[in-house]
Amino acid sequence: MTNVNAPTKNWFEQGAQAYARFRPEYPKALAAYLAAMAPSTAVAIDVGCGNGQLTKQLAEYFNSVTGFDPSEDQILHADGPANVSYRCASAEDLPLLSRSADLITAAQAAHWFDLPRFYAEVRRVATPGAILALISYGVLNLDADINERFEQFYWHDIGAFWPEERKLVDSGYATLDFPFAEITGHSIQIKLQWSLEEFLGYISTWSAVRRAKESGQEAVLQRFAADLATLWGEAQARRTITWPINMRVARL
C-alpha cells in the first residue's frame with residue numbers, strides 16, 4: 001500500500017518543545033499506586049523530571065510536589081497545577097531539607113544518575129517509611145504489521161547509537177544497583193492511540209536518533225519514516241502503542 005500522505009517534513013529536527021509534546025503520558029494509575037504506598041501525602045519529589053510528565057500527575061495526590069532536572073530547557077517546558085514547582089538541580093545534590101520527602105520518584109531517568117550519590121541523597125531527604133520508585137518504560141509494541149519494521153529500526157538501524165545506559169532501560173532496570181529491601185511493583189502499562197505524526201514525533205526525541213543524525217545517518221532516519229508512512233496507511237489513522245512500565249520500589 002502506498003500512503004499518499006507520506007511525511008515530507010524532516011521529523012528529526014526537534015527540541016525540548018517536541019519532547020514535551022510527544023513523550024507518552026504515564027497512566028493515572030501509576031501516581032495513584034505510588035501515593036497509596038507513601039506514609040503521607042504531604043510532599044513528593046520527582047527527580048530527573050524532564051518536562052514534568054509524572055510530576056504533575058503526582059499533584060493530584062500530594063499537597064506539594066517538586067520536580068528537579070539539571071536541564072534548564074526541560075524545566076522551561078514543564079507545567080502543572082498550583083501545588084507543583086520545578087527547580088533546576090541534579091539528582092546528586094537536591095536542594096531539600098533532610099527528612100522532608102514522603103515519595104521520591106525518578107521516571108525514565110535513574111540510568112543517568114551517579115547512583116551512589118543519588119542514593120545518599122535519597123536516604124537524607126526521605127521521611128521515615130518514605131517510598132522510593134525508579135520507573136522506566138520498556139521498548140514499545142506496535143500492531144503486528146508494522147512492529148517488525150520498528151524493531152529493525154530500534155535494534156539494528158540505530159542500535160549502535162544508543163548510549164550504554166539504555167541497556168538498563170531495555171532490561172527494565174533489572175540489573176540496576178538497588179541496595180534496598182524491594183517491594184514488588186504493580187503491573188501497569190502505558191497505552192496510547194497515536195497518528196503517524198505523533199509516533200514519528202516521539203521517535204524524534206530519542207537520543208539515538210539525534211546521534212545517528214549527527215553521525216551523518218540522515219538517510220537511515222528518513223528511510224524509516226518513509227517505510228512507516230507506507231505501512232501505517234492513512235497518516236491520520238490512529239494506531240495502538242503500548243509500553244510496559246517497569247519499577248524498582250522500596251520503603252526507606
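In the predicted model, Thr66 stands opposite Ser85 of strand E3. This pairing belongs to the parallel association of E2 with E3 (residues 84-88), in which the two strands are linked by five bridges. E2 is also joined to strand E1 (residues 43-47), again in the parallel sense and through five bridges. Here Val43 is placed opposite Ser64 of E2. Strand E2 spans residues 64-69, and five of its six residues are buried, so the strand is largely enclosed by the rest of the structure. In a regular strand, side chains alternate between the two faces of the sheet.

The largest nonpolar core comprises 59 residues. Within this core, the members that touch the most others are Ile135, Phe150, Phe199 and Trp206. For Phe199, with neighbours within four places in sequence left aside, the contacts are Leu140, Leu142, Phe150, Trp194, Phe224, Leu228, Trp232 and Ile241. Apart from the largest core lies another, made up of 27 residues. Its members include Ala91, Val125, Leu132 and Val169.

Helix H6 covers residues 144-157 and contains Asn147. The relative accessibility of Asn147 is 13%, and the residue therefore counts as buried, the cut-off being under 20%. When neighbours within four places in sequence are left aside, Asn147 is in contact with Leu140, Asn141 and Leu142. Leu140 and Leu142 also appear among the contacts of Phe199.

Notes:
Residues numbered from 1 in each chain as written. Predicted model: local features only at pLDDT ≥ 70, side-chain atom pairs only at ≥ 80, totals over all residues. Heavy atoms only, no water. Core = buried A, V, L, I, M, F, W, Y, C linked by side-chain atoms within 4.5 Å. Buried < 20%, exposed > 50% of the residue type's maximum accessible area, 1.4 Å probe, protein only. Contact = heavy atoms within 4.5 Å. Helix = DSSP H or I, 4+ residues; strand = E, 2+ residues; numbered from the N terminus. Pairing = 2+ DSSP bridges.
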